[in-house]
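Colleague: Could you take me through one part of this model up close, and then show me how the rest of the chain sits around it? Plain talk is fine.

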Amino acid sequence: MQFWLFKSEPDVFSFEDLKAKGAAGQEWDGVRNYLARNHMRAMKLGDRGFFYHSNATKDVVGIAEVCAEAHPDSTDSTGTWSCVDIRALEPVPRPVTLAEVKANPQLSGMALVTSMRLSVQPVTQEEWSIICRLGEVEGF
DNA sequence: GCCAACGTTGGC
DNA sequence: GCCAACGTTGGC
């Protein structure tokens with residue numbers, strides 16, 4: 001299983017909104033960046049991802065799961081863009097802020113720090129474990 | 001609201 | 001194929 005991070009502006013689409021979609025989840029459409037697209041194409045059913053709120057609170061607030069592998073983006077008529085569907089699994093009990101990530105030497109290599117603008121990012125197993133611990137996430 | 005980072009576009 | 005101009009993202 002691989003790990004990822006999905007960025008979203010909570011004013012536009014928050015983790016609460018994803019929870020409200022239930023088990024069916026949400027098409028992660030609208031991504032118009034090749035690297036982000038390629039990451040989504042690499043995702044497998046059941047892969048896990050952090051849900052990160054940009055702009056407002058800048059923190060990892062939830063755990064999501066890939067519930068449909070890459071397919072054409074329904075908001076794109078050119079056939080260039082793909083997306084996966086994700087659904088909410090668990091909230092992060094104690095959201096992990098960007099400031100904490102930056103302050104932690106073990107997380108200095110995270111794409112969240114090094115590729116600030118990338119909206120869909122890979123997360124290593126180690127990074128995943130550290131953030132779950134910081135966020136007091138049980139069972140991941 | 002500003003601005004740095006960086007991806008994309010288009011002229012040559 | 002290079003690179004300047006431009007647009008967008010997102011932290012501050």
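Colleague: Let's start with I86: is I86 buried or exposed, and which residues does I86 touch?

Modeller: I86 counts as buried, because 25 C-beta neighbours sit inside 10 Å and 20 are enough for that label. Bear in mind that this is a predicted model. I86 belongs to strand β5, which covers residues 82-97. Leaving out residues up to four places away in sequence, I86 touches F6, G25, Q26, W28, G49, A64, E65, V66 and C67. A24 is worth a look too: A24 and I86 are 62 residues apart along the chain, yet 8.2 Å separates their C-alpha atoms.

You can place several of those contacts by element. F6 falls in β1 (3-8), while A64, E65, V66 and C67 fall in β4 (59-72). G49 falls in β3 (48-53).

Now go to β4 itself, where I63 is found. I63 is buried as well, with 23 other C-beta atoms within 10 Å. Setting aside neighbours within four places in sequence, I63 is in contact with R48, F50, L89, E90, V92, V137 and F140. L89, E90 and V92 lie within the residue range of β5, and R48 and F50 lie within that of β3. C83 is another matter: the C-alpha atoms of I63 and C83 are separated by 18 Å, with their positions 20 residues apart along the chain.

Two helices pack against these strands. One is α2, residues 34-41, in which A36, H39 and M40 are buried. Those three cover an arc of only 100 degrees around the axis, so they end up on the same side of α2. Here's the background: an α-helix has 3.6 residues a turn, so residues three or four places apart point the same way. Y34 and N38 are exposed on the other side of α2. The buried residues of α2 pack against β1, β4, β5 and β6, the last of these being residues 120-123.

The other helix is α5, residues 125-134, whose buried residues are E127, W128, I131 and C132. They span an arc of only 130 degrees around the axis, which puts them on the same side of α5. Turn α5 around and you find Q125 and R133 exposed on the other side. The buried set of α5 packs against β1, β3, β4, β5 and β6. Just after α5, E136 takes a positive phi of about 55 degrees.

That backbone angle brings us to the loop between β3 and β4. Most residues other than glycine have a negative phi. N55 lies in that loop and has a positive phi of about 65 degrees although it is not a glycine. K58 is found in the loop between β3 and β4 too, and K58 has a positive phi of about 50 degrees, again without being a glycine. As for surroundings, N55 is exposed, with 11 other C-beta atoms within 10 Å. K58 is partly exposed, with 16 other C-beta atoms within 10 Å.

Both N55 and K58 turn up among the residues around DNA strand C, along with K7, S54, L98, M116, R117 and S119. By type, the residues of that surface split into two nonpolar, three polar and three charged.

Stepping back to the whole of chain A, there are five helices and six strands. Reading from the N terminus, the order is β-α-β-α-β-β-β-α-α-β-α. The radius of gyration is 14 Å, close to the 14 Å that the globule rule gives for 140 residues, so chain A is as compact as a globular protein of that length. Its C-alpha atoms fill a box of roughly 40 × 30 × 30 Å along the principal axes. Buried residues, I86 and I63 included, make up 37% of the 140 residues. Of the contacts in chain A between residues at least 6 apart in sequence, 71% join residues at least 24 apart.

One last item comes from the record: in an unreviewed entry, UniProt lists residues 2-133 as "domain: EVE". In this model that span is 25% helix and 36% strand, and its end C-alpha atoms lie 18 Å apart.

Note on methods:
Residues are numbered from 1 along each chain as its sequence is written. Chains are lettered from A and ligands numbered from 1 in the order in which they are written. This is a predicted model: local features need pLDDT of at least 70, side-chain atom pairs count only at pLDDT 80 or more; totals for chains, interfaces and linings use all residues. UniProt positions are given in the numbering used here, feature names are shortened, and annotations may be inferred rather than shown by experiment. Helices (H or I, at least four residues) and strands (E, at least two) are DSSP runs, numbered from the N terminus. The radius of gyration is taken over C-alpha atoms; the globule rule is 2.2 Å times the number of residues to the power 0.38. A residue is buried if 20 or more other C-beta atoms lie within 10 Å of its own, exposed if 12 or fewer, and partly exposed in between; C-beta atoms are placed from the backbone. Two residues are in contact if their C-beta atoms, placed from the backbone, lie within 7 Å. A residue is near a molecule or strand if its C-beta atom, placed from the backbone, lies within 6 Å of it. Ala, Val, Leu, Ile, Met, Phe, Trp, Tyr, Cys and Pro count as nonpolar, Asp, Glu, Lys and Arg as charged, and the others, Gly among them, as polar. The arc is that of the directions from the helix axis to the C-beta atoms.
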